[in-house]
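Here is a short tour of the structure for your next modelling session. Have the viewer open and follow along.

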Amino acid sequence: PFEKLKDGLLSAPSSKESKDTAVFNVNESESTVSITVVGASGDLAKKKIFPALFALFYEDCLPKHFTIYGYARSKMTDAELRDMVSKTLTCRIDKRENCGEKMDQFLQRCFYHSGQYDSQDHFAELDKKLKEHEAGRVPNRLFYLSIPPNIFIDAVCCASSSASSGNGWTRVIVEKPFGRDSESSATLTSALKQYLEEDQIFRIDHYLGKELVENLSVLRFSNLIFEPLWSRQYIRNVQFIFSEDFGTEGRGGYFDNYGIIRDIMQNHLLQILALFAMETPVSLDAEDIRNEKVLIVLAWCQVKVLRSMRPLQLENVVTGQYKSHVRGGITYPAYTDDKTVPKDSLTPTFAAAALFIDNARWDGVPFLMKAGKALHNKRAEIRVQFRHVPGNLYRSIGTDLDRATNELVIRVQPDEAIVLKINNKVPGLGMRLDRSNLNLHYAARYSKEIPDAYERLLLDAIEGERRLFIRSDELDAAWALFTPLLKEIEEKKVIPEYYPYGSRGPVGAHYLAARYKVRWG
Ligand code: NDP
Ligand code: BG6
């Protein structure tokens, strides 16, 4: 079943898990996987985790023997959990097909156990129930911590002491936030490592599971026309843009303690940047992808990029916060209108930053990041602006420098696409140039719906494939880059630039880009 989805890209087991993973792969009929969603009553479980598990089941990608347990404090019976889960499932994979039968089969494999997150006894009860389902097969266990971070350690302590697998593997998926600075992240990591080995910890960054982020390496390393251009010699600047057209409504309590830099930049955008800027791994040949050594090199390169990044300066950062705005008779709220947010909060809901990588490949190239809530549109994009053609014969015919340069746009979402902007002759007897798009529009090119990031990541965790999860040294490097900046912003009580809900964000972001001769795409 794995080959079906992953084209045979099964991971090689890592040293600590080699025995157990081998048991799982070689003798699948004799093993079983129990997936426990800790915090099953919550938003993420309903919105993403159960639907992703169902999609994997629908695609025959879950192992033959598997059981799903919801675990949370809320009182619920198995039937009530199934009822709750059934409301979240859709037949999105093939909308024409009635997948009701598959849904019923899936729901029959879902169970619920109510317990406290800090109770060894309650996890021991769960263990007992899991054993009944495992029916003597080699038990592999995956715990998904879909709970607030302040209870991660309690849950990991109890799950590992009272409900870990005896002779199979035990893995734990940890959701962000992984701390809020270097210190708290290190504390969390060392607390987790009291109970788990690093190779049992799967730190999720769901942006790494997005189709176009996965495709970034393929685009770069398997097309001769891109990799030779991937350096300061040909690239003028790179932009990583995240924008949402809604505010933090409903999540203000969480958000106010983190802000947009921690919520989006330090993880999602930085991970994409690292993938974009890393050195060439030894090989990305299909055969070699099976080789874990290459995957390690890949991850190592990524960390190397993070380490060679110049510390972020406050002068290279603009922060903003959305304010109330009336449009078309509708009043859109300010960030501080949320009852869970203090009225005088200075937490940024928008940030733009210019980063530099001090290595031979990227010396002097501005990497610009922009992330914001309550902006005019929803999109996540990578934009690569190339240098102008030296001595361009047609330059006088174009109107300005920007028109004359190429741009590669990788639209991660929505409406996934890869667009290359080129200069082209306008057909006709005269000689006039315009900028046209070579457009790979996924919806037009591929009929199959793109899997949700959580599907890919859950499947990888079940397979023991770590390539898309964050290693602890990567996490340390990411925090080392952002912590001094975050401390400075908070100590100096930097006042964010206020921007209207639904606007393009603070004008300061344009001045920042202009300082490096960049225009946001
Ligand atoms: P929720 O706030 O919905 O919490 C999940 C469950 O944890 C709740 O249903 C509740 O279950 C239990 N819980 C909540 N607060 C407490 C508390 N103070 N003490 C003990 N138990 C508590 O979280 P989400 O589902 O939104 O998110 C889960 C994790 O995923 C978090 O770490 C979050 O940061 C992260 N995340 C969430 C995203 C999202 O879109 N929701 C996106 C990215 C990451 P019960 O009362 O039944 O025990
Ligand atoms: C989460 C952030 O990690 O990603 C949210 O905490 C954000 O604030 C979300 O809304 C965006 O994810 P996606 O997949 O909807 O773009």
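Let's begin inside a sheet: Y144 has I173 of β5 as its bridge partner. That pair belongs to β4 (residues 138-145) and β5, which run parallel and share five bridges; strands count as paired if DSSP finds at least two bridges between them. Strands here are DSSP runs of E with at least two residues, helices are runs of H or I with at least four, and both are numbered from the N terminus.

Some ground rules: this is a predicted model, in which local features need pLDDT of at least 70 and side-chain atom pairs count only at pLDDT 80 or more, while totals for chains, interfaces and linings use all residues. Residues are numbered from 1 along each chain as its sequence is written, and chains are lettered from A and ligands numbered from 1 in the order in which they are written.

**Strand β5 and its surroundings**

- Five of the five residues in β5 are buried, meaning that 20 or more other C-beta atoms lie within 10 Å of a residue's own; 12 or fewer makes a residue exposed, anything in between partly exposed, and the C-beta atoms are placed from the backbone.
- T170, V172 and V174 point to one side of β5, R171 and I173 point to the other, and all are buried.
- L145 touches V172, I173 and V174, and its further contacts include V38, G39, F152 and A155, leaving aside residues up to four places away in sequence. Contact here means C-beta atoms, placed from the backbone, within 7 Å.
- Past the strand, P177 sits in the loop between β5 (170-174) and α8 (182-195), and the peptide bond from K176 to P177 is cis, with omega near 5 degrees.

**The two sheets**

- One open sheet has six strands in the order β3-β2-β1-β4-β5-β6, with parallel pairing. Its edge strands are β3 (110-114) and β6 (201-203), each paired on one side only.
- In this six-stranded sheet the twist averages 20 degrees from one strand to the next, with axes taken as lines fitted to C-alpha atoms (for helices, over the stretch in contact) and angles running from 0 to 180 degrees between N-to-C directions.
- Strand β2 (residues 66-72) pairs with β3 in the parallel sense through five bridges, and C110 in β3 is the bridge partner of I68.
- Another open sheet has nine strands, ordered β16-β15-β14-β13-β7-β12-β11-β8-β17, with mixed pairing. β16 (433-441) and β17 (497-500) stand at its edges with a single partner strand each, so one side of each has no neighbour in the sheet.
- Within the nine-stranded sheet, β7 (residues 235-243) and β12 (residues 367-372) run parallel and are joined by six bridges. V238 has F367 of β12 as its bridge partner.

**Core and overall fold**

- The chain holds 18 helices and 17 strands, and 41% of its 521 residues count as buried.
- Of the contacts in the chain with a separation of 6 or more, 79% link residues 24 or more positions apart.
- The largest nonpolar core has 123 residues, and L145, M265, L269 and A351 have the most contacts inside it. Such a core is a set of buried Ala, Val, Leu, Ile, Met, Phe, Trp, Tyr and Cys residues joined through C-beta atoms within 7 Å.
- Helix α11 (residues 259-277) supplies the largest share of this core, 12 residues.

**Ligand 1**

- Around ligand 1 there are 18 residues, the closest being G42, L44, A72, R73 and S74; a residue counts as near if its C-beta atom, placed from the backbone, lies within 6 Å.
- Helix α3 (residues 43-58) gives the largest share of this shell, three residues.
- The shell has nine nonpolar, five polar and four charged residues. Ala, Val, Leu, Ile, Met, Phe, Trp, Tyr, Cys and Pro count as nonpolar, Asp, Glu, Lys and Arg as charged, and the others, Gly among them, as polar.

**Backbone spots to check**

- Most residues other than glycine have a negative phi, and most peptide bonds are trans.
- A374 has a positive phi near 55 degrees and lies in the loop between β12 and β13 (379-386). A374 is buried, with 28 other C-beta atoms within 10 Å.
- K493 also has a positive phi, near 50 degrees, in the loop between α17 (472-491) and β17. K493 counts as exposed because it has 8 C-beta neighbours inside 10 Å.
- The peptide bond from Q413 to P414 is cis, with omega near -15 degrees, and P414 lies in the loop between β14 (407-413) and β15 (417-425).

Notes: Two residues are in contact if their C-beta atoms, placed from the backbone, lie within 7 Å.
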